[in-house]
Amino acid sequence: WPQPRLSLRDPIALRALVLLLVVVTFFAAGNERYKRVAAAFDWSGVVTPANFRIDAWVTPPVYTGRPPVMLPGYRPGDSAQAQAKDQTKEIVSVPAGSQLVVRATGGVRIEIARAGGVELAPPDPKAAVPQGSEEQRFVINGDGSAVVHGAGNGLAWQFSAIPDKPPSIELIRDPEPQARGSLRLDYRLQDDYGVVDAQATFTLKESADNKAARPLFGPPNYALALPQARTRTGTAQTIHDLTDHPWAGAKVEMVLLAHDEANNEGKSEPREFTLPQRIFVKPVARALIEQRRLLPLDANAKPLVLTALEALTIAPEKFTPETAVYLGLRSIYFDLNGAKSDDDLRAVVARLWEMATQIEDGNMSQAERDLRAAQEALRQALERGASPEELKKLMDDLRTALDKFMQALAEQMKKN
């Protein structure tokens, strides 16, 4: 039998270290163990086409407004090791979310090892790759690196991701009620790439009395005006009419929100105050508005509102001599008494508001709503940069609404 006599040449069994190192490196290689073994039999890195090139560039997100960054590539005859040595010293700073594109042409195959925040990009069916080229895409979400293996072996890039900070928004003065009950907000916005939308949000201020309340309506959240379409820094003002919302007159907590293109959200400090409300002078209108304020904030207040409506119709010849007002009160009473769902209760709330404004203003209330609607439509058109033809039409609508409002105001002054 063959006798290698290894035991004589290696009496302390150092040969066992070879087998031990093979086993250790097999597990240490992790997921790349089979790829590394196959690389020993891959001749593509040794015999490469004479005419090939590797190009790489980084495309920042569109909303940043930054141009693409061209990275050093590879050509035949270049010293990849010298390039890698120089490039590792230079760190390319790009916005987080940028896309790294590596393209190889000339029929060569490349493999890219990535580390850190360089991640594979999802497939893009719209991406057009030239014929005869291989392209790989990555997303740079954090600091990291990318190294090319195969043709151009040793080509490497280091990246530093600039995080997209959330926007900031804050009040620069206290919320200010206007003469007709509108709410004025003055605020400051700031973002590294620009705020694209902002809004005011409200929540009811809880107290010991309303912890078990069941509101019928959601908060009167609304959009805020921006100084420009994509605001990096600036101040703005929004005046919004909340008098017809059922929460008018309630104690609330307001928070301003701002969003950027990447959907990062910034919040202001909470501010507690009472929502402005319209002032009613006529007694019956004031009584209806009081009940209209009570019912939307708590659907369980239905029995109290029924009692109040019934009390308003006592001795109509003394307190409600107008037949239309009396019949309107009784109609609302029976609608509320027969309400079976929250939708029925919301319909009653709407009728309470309509009747109160009709008693207080007569026909002027509708004219005022039309005027405010025309003003809001014109303001939104100016913000979005509407065409001159559209602006002219909205200006005509505003003039018509203003004429009707002045006419209704004159008629009210004659009556009073």
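In this predicted model, helix H6 passes helix H8 in a left-handed crossing. The two helices, H6 and H8 (residues 323-337), pack at an angle of about 160°, and their axes lie 10 Å apart. Because of that angle, H6 is roughly antiparallel to H8. On the H6 side, the contact is made by Lys 302, Val 305, Leu 306, Leu 309, Glu 310 and Leu 312. H8 contributes Leu 329, Arg 330, Ile 332, Tyr 333, Leu 336 and Asn 337. By class, this contact of H6 with H8 comprises 8 nonpolar, 1 polar and 3 charged residues.

Helix H6 (residues 302-312) also meets helix H5. The axes of H5 and H6 come within 10 Å and cross at roughly 170°, so H5 is roughly antiparallel to H6. From H5, the residues in contact are Ala 287, Leu 288, Gln 291, Leu 294 and Leu 295. Their counterparts in H6 are Lys 302, Leu 304, Val 305, Ala 308, Leu 309 and Leu 312. The contact of H5 with H6 contains 9 nonpolar, 1 polar and 1 charged residues.

Helix H5 (residues 283-297) takes part in an enclosed space as well: H5 provides 3 residues, the largest share of the lining of the largest cavity. A search of the whole structure finds 1 cavity of 30 Å³ or more, and the volume of the largest cavity is about 70 Å³. Its lining consists of Thr 243, His 245, Pro 246, Ala 248, Gln 277, Arg 278, Phe 280, Ile 289, Arg 292, Arg 293 and Trp 353.

The largest pocket holds about 790 Å³ of space. It is lined by 26 residues, of which Ser 182, His 240, Asp 241, Arg 372 and Gln 375 are the closest to its centre. Strand E12 (231-241), helix H9 (342-361) and helix H10 (364-383) each supply at least two residues of this lining. H10 gives the most, with 10 residues.

The table sets out the class composition of the two linings and the two helix contacts.

| Site | Nonpolar | Polar | Charged |
|---|---|---|---|
| Lining of the largest cavity | 5 residues | 3 residues | 3 residues |
| Lining of the largest pocket | 7 residues | 9 residues | 10 residues |
| Contact of H5 with H6 | 9 residues | 1 residue | 1 residue |
| Contact of H6 with H8 | 8 residues | 1 residue | 3 residues |

Terms used: Residues numbered from 1 in each chain as written. Predicted model: local features only at pLDDT ≥ 70, side-chain atom pairs only at ≥ 80, totals over all residues. Heavy atoms only, no water. 1 Å grid on protein atoms, 1.4 Å probe; cavity = no way out; pocket = protein on both sides within 12 Å on 5 of 7 lines; lining within 4 Å. Points joined across faces, edges and corners; volume = space filled by probe spheres on them. Helix = DSSP H or I, 4+ residues; strand = E, 2+ residues; numbered from the N terminus. Nonpolar A, V, L, I, M, F, W, Y, C, P; charged D, E, K, R; others polar. Axes fitted to C-alpha atoms, helices over the stretch in contact; angles between N-to-C directions. Parallel < 35°, antiparallel > 145°, perpendicular 65-115°, else oblique. Contact = heavy atoms within 4.5 Å. Left-handed = near helix turned anticlockwise from the far one by under 90°.
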